[in-house]
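Me: I'm new to this one and would like a close look at a single residue. Could you start with the whole chain and then work down to that spot?

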Amino acid sequence: MREVEEAARAKRVQLQVVKAGIETEIDTAFGTLVQLHAGALVVQADSFLNSRREQLVALASRHAAPAIYQRSEFAVAGGLISYGSSITDAYRQAGIYAGKTLKGSKPADLSVQQPTKFELLINLKTAKALGRTVPQSILARAGEIIE
């Protein structure tokens with residue numbers, strides 16, 4: 001969240017943080033976004049929010065809110081854009097760590113790994129439904145485009 005706030009300040013974009021920790025707070029959060037006339041939505045990676053994927057994507061669609069998510073499953077489910085670390089690559093790294101531990105390495109001796117593979121998915125069907133055009137420079141960077 002700190003990085004998002006810093007990026008907003010650097011770009012002189014007004015950032016409103018709206019939180020939701022239970023199902024009913026998601027509907028309330030979208031109501032708040034409408035009242036604030038928010039121009040877009042950034043959904044942070046969170047296990048609770050991941051479990052409410054369909055609800056979030058449906059509300060973003062209903063309120064015509066362009067949204068970016070950190071998990072590709074959101075774009076596949078109808079979200080506009082997703083950008084985040086590859087979950088497949090993270091699981092692969094976890095498997096490597098498990099293998100090293102099973103072969104006798106002490107977990108405390110293993111180095112901390114940072115994600116190195118990131119995925120950008122763009123859902124052009126959703127962009128069209130929102131009346132948005134995705135710049136060619138962004139499309140060229142996408143690993144997957146849903147048409």
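Reply: Let's start with the helices and strands: this is a predicted model, and its protein chain has eight helices and five strands. If you follow the sequence from start to end, they come in the pattern α-α-β-α-α-β-α-β-α-β-α-α-β. So much for the order; now the overall dimensions. Taken along the principal axes, the box filled by the C-alpha atoms of the protein chain is roughly 55 × 35 × 30 Å.

What about the surface? The protein chain has an accessible surface of about 10,100 Å², and carbon and sulfur atoms account for 53% of that. As for charges, there are 18 positive and 14 negative ones in the protein chain, and their mean positions lie 5 Å apart.

Turning inward, the protein chain has 147 residues, and 27% of them are buried. You can also ask how far along the sequence the contacts reach: counting those between residues at least 6 apart in sequence, 49% join residues at least 24 apart.

Now for the close look, at D89. You'll find D89 in helix α6, which runs over residues 87-102. Is D89 buried or exposed? D89 counts as buried because its relative accessibility is 11%, and the cut-off for buried is under 20%. And which residues does D89 touch, leaving out those up to four places away in sequence? They are T116 and K117. To pull that together, D89 sits in helix α6, is buried at 11% relative accessibility, and touches T116 and K117 from further along the chain.

Technical notes
Residues numbered from 1 in each chain as written. Predicted model: local features only at pLDDT ≥ 70, side-chain atom pairs only at ≥ 80, totals over all residues. Heavy atoms only, no water. Helix = DSSP H or I, 4+ residues; strand = E, 2+ residues; numbered from the N terminus. Buried < 20%, exposed > 50% of the residue type's maximum accessible area, 1.4 Å probe, protein only. Contact = heavy atoms within 4.5 Å. Areas by Shrake-Rupley, 256 points an atom, 1.4 Å probe, with all protein chains shown as cover. Lys, Arg positive; Asp, Glu negative; His and termini not counted. Charge placed at Lys NZ, Arg CZ, Asp CG, Glu CD.
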